[in-house]
Amino acid sequence: MDRQRLDKWLWHARVVKARTSAAALIEAGHVRINGVREKSPGHAVKLGDVLTIGLDNSVRVLKVAGFSERRGDATAARVLYEDLRNARE
């Protein structure tokens with residue numbers, strides 16, 4: 001697998017609790033892919049894409065590092081991305 005739907009990836013990476021929440025977040029314009037606002041939950045993300053996600057009172061910057069067929073536990077989700085916010089500190 002070299003691409004995955006944005007809403008599905010956010011859910012598998014445990015950024016949100018439900019896939020419908022991921023879709024709502026995207027449609028509200030709170031997600032950018034490589035600096036470009038994306039409003040389509042079905043948009044495909046690929047390895048190396050940088051996602052900027054506005055959540056509540058914080059912003060997460062994640063680099064897509066992998067994909068998953070199923071939603072796993074937090075440990076499995078952690079290998080799907082590289083947190084670029086923590087890398088700068």
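Let's start with tryptophan 9, which is buried, with a relative accessible area of 0%. Please keep in mind that this is a predicted model. Tryptophan 9 belongs to helix 1. What does tryptophan 9 contact, once we leave aside its neighbours within four places in sequence? The list is Gln4, Val45, Leu51, Leu62, Val64, Gly66, Phe67, Leu80 and Tyr81.

Hold on to the last name there, Tyr81. The structure holds 1 aromatic pair. The partners are tryptophan 9 and tyrosine 81, with ring centres 6.4 Å apart and planes at 75°, so we call the pair edge-to-face. For those of you who like to check the geometry, the cut-off for that label is an angle over 60 degrees, and ring centres have to lie within 6.5 Å to count as a pair. The pair also links distant parts of the chain: tryptophan 9 sits in helix 1, residues 6–12, while tyrosine 81 sits in strand 7, residues 81–83, and their positions lie 72 residues apart in the numbering. Tyrosine 81 is buried as well, at a relative accessible area of 12%.

One more distance for tryptophan 9 before we leave it. Leucine 55 is 46 residues away from tryptophan 9 in sequence, and their C-alpha atoms are 16 Å apart in space.

Now let's zoom out to the whole protein. How many helices and strands are there? We have 4 helices and 7 strands. Going along the sequence, the order is β-α-α-β-β-β-β-β-α-β-α. The radius of gyration is 12 Å, close to the 12 Å that the globule rule gives for 89 residues, so the protein is as compact as a globular protein of that length. If you prefer a box, the C-alpha trace spans about 30 × 25 × 20 Å along its principal axes.

A few more overall values for the modellers in the room. Of the 89 residues, 38% count as buried. Take the contacts with a separation of 6 or more: 42% of them come from residues 24 or more positions apart. The accessible surface is about 5,300 Å², and carbon and sulfur atoms hold 47% of that. As for charges, there are 17 positive and 11 negative ones, and their mean positions are 2 Å apart.

Next stop, isoleucine 33, in strand 2, which covers residues 31–33. Isoleucine 33 is buried, with a relative accessible area of 7%. Beyond its neighbours within four places in sequence, isoleucine 33 touches Leu6, Glu38, His43, Val45, Asp49, Val50 and Leu51. Histidine 12, on the other hand, is 21 residues from isoleucine 33 along the chain, with 17 Å between the C-alpha atoms.

Val50 was on that list, and valine 50 takes us to strand 5. Is valine 50 buried or partly exposed? At 24% relative accessibility, valine 50 counts as partly exposed, since buried would need a value under 20%. With neighbours within four places in sequence set aside, valine 50 is in contact with Arg32, Ile33, Asn34, Val61, Leu62, Lys63 and Leu84. Glycine 35 is 15 residues from valine 50 along the chain, and their C-alpha atoms are separated by 7.8 Å.

Strand 5 also holds glycine 54. Glycine 54 is partly exposed, with a relative accessible area of 26%. Outside the four places on either side in sequence, glycine 54 is in contact with Leu25 and His30. Arginine 71 lies 17 residues from glycine 54 in sequence, and 22 Å away in space, C-alpha to C-alpha.

Let me finish with backbone angles, and with two residues that have a positive phi without being glycine. Arginine 14 has a phi near 60°. Where is arginine 14? Arginine 14 lies in the loop between helix 1 and helix 2, the latter covering 19–27. At 39% relative accessibility, arginine 14 counts as partly exposed.

The other is aspartate 56, with a positive phi of about 45°. Aspartate 56 sits in the loop between strand 5, residues 50–55, and strand 6, residues 58–64. Buried or exposed? Aspartate 56 counts as exposed, at 83% relative accessibility.

That's my tour, and I'm happy to take a look at the model together with anyone who's curious.

Notes: Residues numbered from 1 in each chain as written. Predicted model: local features only at pLDDT ≥ 70, side-chain atom pairs only at ≥ 80, totals over all residues. Heavy atoms only, no water. Phe/Tyr/Trp six-rings, centres within 6.5 Å; stacked < 30°, edge-to-face > 60°. Helix = DSSP H or I, 4+ residues; strand = E, 2+ residues; numbered from the N terminus. Buried < 20%, exposed > 50% of the residue type's maximum accessible area, 1.4 Å probe, protein only. Rg over C-alpha atoms; globule rule 2.2 N^0.38 Å. Contact = heavy atoms within 4.5 Å. Areas by Shrake-Rupley, 256 points an atom, 1.4 Å probe, with all protein chains shown as cover. Lys, Arg positive; Asp, Glu negative; His and termini not counted. Charge placed at Lys NZ, Arg CZ, Asp CG, Glu CD.
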